[in-house]
Amino acid sequence: MTDTSISPNGSESEELIDLGQLITAVWEGKLLVFFSAILTSLVAIFFAINQPNLYTSQSVLSPVQDEVNSSMNAMSQNAGGLASIVGLNMNMGGAASHRAALALEKMQSLIFFGNNLYPEILPDLMAYEEWSADENLDIYDPKIYNVENREWVREVSFPLAKMPSVQEAFLVFNNHFSVDQDKSTNYITIEVTHKSPRVAKRWNAKIIKSIDNEMRSYDLEKAKRAIKFLNEQRKQTYLVSLEESFSRLAEEQTKTMMLANIAEEYVFNVIEPAYIPEFKSGPNRAIICFIGGVIGLLMGILIAIVRYFFSVKQ
């Protein structure tokens with residue numbers, strides 16, 4: 001009877017032979033591996049050198065805890081039942097956090113970008129080429145945007161247009177903008193990255209101011225509608241108790257409007273305002289060069305091994 005089983009020692013020998021062949025293949029192709037690593041490293045160095053510096057402007061905010069919330073909570077306690085009857089939402093226990101959460105969602109929305117940022121930042125977003133630090137000069141790509149005539153001249157095919165649309169610009173803007181909230185402290189960090197440190201700071205400050213104004217307008221309009229509705233309801237009731245409650249609700253809404261108009265910082269307290277960064281945040285040219293060298297090394301090893309085994313089979 002023939003024993004067809006493979007001994008453990010035989011398997012180990014085959015594995016050692018295979019490993020030895022791999023080492024031999026790499027050693028015989030060492031020049032190929034070396035030149036492959038050098039070539040890709042040079043390409044990576046050239047690529048890294050030609051990448052423009054990026055600058056990140058950061059601001060830190062915290063949700064406003066103001067008198068508006070106190071007045072709304074008092075209103076909820078004094079006339080919560082009536083407010084439910086007439087259809088007003090008076091559950092304001094987390095008014096500040098709710099308003100801040102709404103502001104954060106609006107800040108990252110397409111409609112907010114289109115209404116507040118798009119008209120002002122479009123050339124800096126879509127046609128900016130580089131910032132000349134020596135002359136402190138903004139340089140735009142003449143193949144995309146004519147600065148003198150303020151005209152878009154880029155050549156694109158459907159569905160794109162010469163002048164970038166709101167949706168196209170919004171997709172690009174999301175690569176420059178980030179917002180993050182620390183759940184333990186509720187502090188909000190806004191970061192804007194751009195080739196120009198001045199543009200990064202300007203965008204950051206613009207976002208904060210715009211969201212504050214938009215939320216202020218939103219609450220003012222909501223309070224106006226509530227006052228109009230309460231006054232209409234008050235005229236239609238003949239019960240003194242209800243009329244007094246309607247008057248109290250309208251008074252609180254008027255107080256809300258007053259506080260919204262006089263508050264300098266309505267949604268967020270600015271802990272650290274946007275600033276012009278002096279030092280670049282990217283790109284990390286050393287990492288780019290290192291990754292390029294590693295890729296070249298691995299490519300050289302792979303080619304050397306394939307070439308070795310191909311020659312053995314031949």
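Modeller: Two residues are in contact when they have heavy atoms within 4.5 Å of each other. This is a predicted model, in which local features need pLDDT of at least 70 and side-chain atom pairs count only at pLDDT 80 or more, while totals for chains, interfaces and linings use all residues. Residues are numbered from 1 along each chain as its sequence is written, and side-chain values use heavy atoms, with hydrogens and water left out.

Biologist: What is the mean pLDDT of the chain?

Modeller: pLDDT is the predictor's confidence in each residue, from 0 to 100. A value of 70 or more is reached by 79% of the residues. The mean for the chain is 80.

Biologist: Which element of the chain has the lowest mean pLDDT?

Modeller: Elements are DSSP runs numbered from the N terminus: helices (H or I, at least four residues) and strands (E, at least two). The chain has nine helices and eight strands. The highest mean, 96, belongs to helix α6 (residues 166–173). The lowest, 46, belongs to residues 67–86, helix α3.

Biologist: How many contacts beyond four places in sequence does the model have for residues 1–7?

Modeller: Throughout residues 1–7 the pLDDT stays under 50. For this stretch the number of such contacts is one.

Biologist: And how many contacts beyond near neighbours in sequence does the stretch 13–17 have?

Modeller: Over residues 13–17 the pLDDT is also below 50. The number of contacts beyond near neighbours is zero.

Biologist: What percentage of the 314 residues is buried?

Modeller: Buried means under 20% relative accessible area, exposed over 50% and partly exposed in between, using a 1.4 Å probe and protein chains only. By that rule, the buried share of the chain's residues is 37%.

Biologist: Which element supplies the largest share of the largest nonpolar core?

Modeller: A nonpolar core is a set of buried Ala, Val, Leu, Ile, Met, Phe, Trp, Tyr and Cys residues joined through side-chain atoms within 4.5 Å. The largest one has 38 residues, and M107, F113, F173, I190 and F268 have the most contacts inside it. Elements that each supply at least two residues include β1 (55–63), α4 (95–107) and β7 (188–194). The largest share, eight residues, comes from α5.

Biologist: Which elements do the buried residues of α6 pack against?

Modeller: In α6, the buried residues are E168, A169, F170 and F173. From the other side, F113 has contacts with A169, F170 and F173, among others, leaving aside neighbours within four places in sequence. The buried residues of α6 pack against α5, β6 and α7.

Biologist: Why is the pair of F173 and F177 classed as it is?

Modeller: Rings of Phe, Tyr and Trp (its six-membered ring) pair if their centres lie within 6.5 Å; planes under 30 degrees apart count as stacked, over 60 as edge-to-face and the rest as tilted. Both residues are buried, F173 at 2% relative accessible area and F177 at 9%. Their ring centres are 5.3 Å apart and their planes at 20 degrees, so the pair is stacked.

Biologist: Which residues do ring pairs link into a cluster?

Modeller: The whole structure holds 10 aromatic pairs. The cluster linked by ring pairs consists of F113, Y118, F170, F173, F177 and W203.

Biologist: Over which ring does the charged end of K30 sit?

Modeller: A charge sits over a ring if NZ of Lys or CZ of Arg is within 6 Å of the ring centre and within 35 degrees of the ring normal. R99 lies over the face of Y266, at 4.5 Å from the ring centre. The charged end of K30 is 4.3 Å from the centre of the ring of W27.

Biologist: What is omega of the cis peptide bond that joins G282 and P283?

Modeller: Most peptide bonds are trans. One cis bond runs from F158 to P159, with omega near 15 degrees, and P159 is in the loop between β5 and α6. P283 lies in the loop between β8 (268–272) and α9 (285–313). For the cis bond of G282 and P283, omega is about -5 degrees.

Biologist: Is R150 buried or exposed?

Modeller: R150 lies in the loop between β4 (145–146) and β5. Its phi is near 50 degrees, a positive value in a residue other than glycine. At 70% relative accessibility, R150 counts as exposed.
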